Amino acid sequence: MPATPGRWEWDDRKNVLRLYGEECSVCGKRDFKLNANSPRIGQWHFYCANPTCGHKGSDEWRQNDQFTTEVFRDNAGKRVSERRMEPISYRASSAYYSQSEQFVLFPESEHQLMTVLEPQRQSELATFIGKQFRFGGGELTPDEMKAALLAAGKASEWESYESFQRMNDLSRGMGDKAKAMQEMAERELRKLVDRWTTSDPPLVRPQVDLPPAINAQLAARSEYTSRFDPFVLAVEHEALNRGKLSAPADGGRSKFVRFNHLDNDLAPKDTNDKAAQEAQTQQLINKLGIADLGLIREFDLCRFTHGYTRVSATPTLEKRSQLMPVRLRLFEPLRNGKRPIYVVTQANEALYTRLDPSAVYKWLCAVGVVDLPDWDESASVKLGGKILEVAQPFGRYFSLLKAGDAATYRYVYTLLHTYAHVLMKNVAELSGLDLGSMGEYIFPLDLAFVVYRNGTTMDLGNLSSLWRNENNRFLSRLLEASSHRCNSGRLCDTAGGACPDCIMIPETSCVAQNQLLSRAVLKGGPPPREDATHKGKRIPGFLEVVNACNAH
């Protein structure tokens, strides 16, 4: 609001808001002038325009917020500091913080998969998690499968099952001569059951026996916000896998091209050069602890902005040793009375990276996290399933992110988040893209992240050009010490290993407000600020552990 000589106060007698001080206390005139000689807006002040008076009420301009004053009403006089408005120039770029959310857009073929996230379909979500992370379950009985198929109108499918079952039973009584026929019948029976349980939607619901810890996580899903909900991110990653990562190629251009298996469009023209480049790429991604790395040609994303705040991006602000509430404002209504929500959809190039689970687990063991779950690489259960058992909510504005024990889930998220920022910095240095023009998406249970070009202008193929021009030089830079160094030196290392001089990026590009970041998780050093277990000690870096294992 513009500056005024009076201040908003609550009128107890009339029960209304009123501007007090609109008249000069000396001459009674209502004309004032604003002295704006000071470069600091907070030191501007009003003085009486009467040339014979010139009285000024205060050496600085102060104003109370109308909305907050009306909320406090009779108590407004006792709560001045909470009502006091911040003197911020309208021209300042920090005048407000937009409140935005984003989600990945998926093709219609994957919409059915996304429905398992609906509140009334929790049992289907449990089934998805069980299958996705390979948790065991009880065997389906023939009667259960028959009932499900007949209910779905698939009597012919059950007839096929019965035919192979009769063949299997007959071959058992015929001795060794019918062994090949028996194996064939059992193989076809397994194929049928697999097809029924893995179709989308499944014709027969598989039985899943989830650990108690994951059932507890399912029950506590409301504690997670959407951008950090491990269940949401696991489903989104599978939809991304089906729609992009595992999608068939369209002519010579794949929707997702792995850098160690290039398609015709991204590969060198000479087959020998292609083979040599792919072999070197494989060596480098092994040293980087990466299992999968490539280019997504169209990463479909929707970002919507529904409002803004002026003094802080979070709901509370610490001021004068107390927490002050921050007001969320929606955008001004249109002529039809509806309030706008600004939506941007895009389909730009992106880099997909998935880390090697065995390398991540060895690093977690080397760090010494206190809640590390037992996991064997040869076991059927994926590491992501074990991580889900010990997942922790951060809070929408990281209100739950306090210093505590070295936790598995926090360290995994910090590793992926830091890796994504280092990759973005490397892309910015070699491609010409600004850091503010990129974004990130993190899938903690799948140990994966996506770095994408976050722009509404025409995509000129910067990331594909980056790989054609730089390819393995781009990867080798990630192993150089200079990529993990900070210009602030020791000061940054002792303060958590993350600052604007090294791996922090503009908050508009960061999915986690530059929280859960530390260069130490990659190169080694003092622990992140959230780790109280290893305070004053050194933790090993992920790249250190990976390359030590490769050396052996």
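The second largest cavity has a mixed lining: four of its residues are nonpolar, one is polar and one is charged. You can find the spot by picking out Gln102, Arg227, Leu233, Tyr441, Ile442 and Val511, the residues that line this cavity. Its volume comes to about 50 Å³. Keep in mind as you look around that this is a predicted model.

How many cavities of 30 Å³ or more turn up in a search of the whole structure? There are four. The largest cavity has a volume of about 70 Å³. To locate it, start with Asp405, Ala406 and Ala407, then look for Arg410, Tyr411 and Thr414, all among the residues of its lining. Leu516, Pro528, Glu530 and Asp531 also line this cavity. Sort the lining of the largest cavity by type and you get five nonpolar residues, one polar residue and four charged ones.

Now let's leave the cavities and head for the surface. Here Leu170, Met174 and Met181 make a nonpolar patch of about 300 Å². Leu170 is a handy way in, since you can trace helix H6, which runs over residues 155–172, and find Leu170 within this helix. Is Leu170 buried or exposed? Its relative accessible area is 59%, so Leu170 counts as exposed, the cut-off for that label being over 50%. From Leu170, look for Met174 and Met181 to pick out the other members of the nonpolar patch.

Terms used: Residues are numbered from 1 along each chain as its sequence is written. This is a predicted model: local features need pLDDT of at least 70, side-chain atom pairs count only at pLDDT 80 or more; totals for chains, interfaces and linings use all residues. Side-chain values use heavy atoms; hydrogens and water are left out. Patches are made of residues with over 30% relative accessible area and no salt bridge: like charges are joined within 9 Å, nonpolar side chains (Val, Leu, Ile, Met, Phe, Trp, Tyr) within 5 Å. Accessible areas come from the Shrake-Rupley method with a 1.4 Å probe; for residues, only the protein chains shown count as cover. A salt bridge is a side-chain nitrogen of Lys or Arg within 4 Å of a carboxyl oxygen of Asp or Glu. Helices (H or I, at least four residues) and strands (E, at least two) are DSSP runs, numbered from the N terminus. Buried means under 20% relative accessible area, exposed over 50%, partly exposed in between (1.4 Å probe, protein chains only). On a 1 Å grid over the protein atoms alone, a cavity is a set of points where a 1.4 Å probe fits but cannot get out, and a pocket is an open set with protein on both sides within 12 Å along at least five of seven lines; lining residues have an atom within 4 Å of a point. Grid points are joined across faces, edges and corners, and a volume is the space filled by probe spheres set on the points. Ala, Val, Leu, Ile, Met, Phe, Trp, Tyr, Cys and Pro count as nonpolar, Asp, Glu, Lys and Arg as charged, and the others, Gly among them, as polar.
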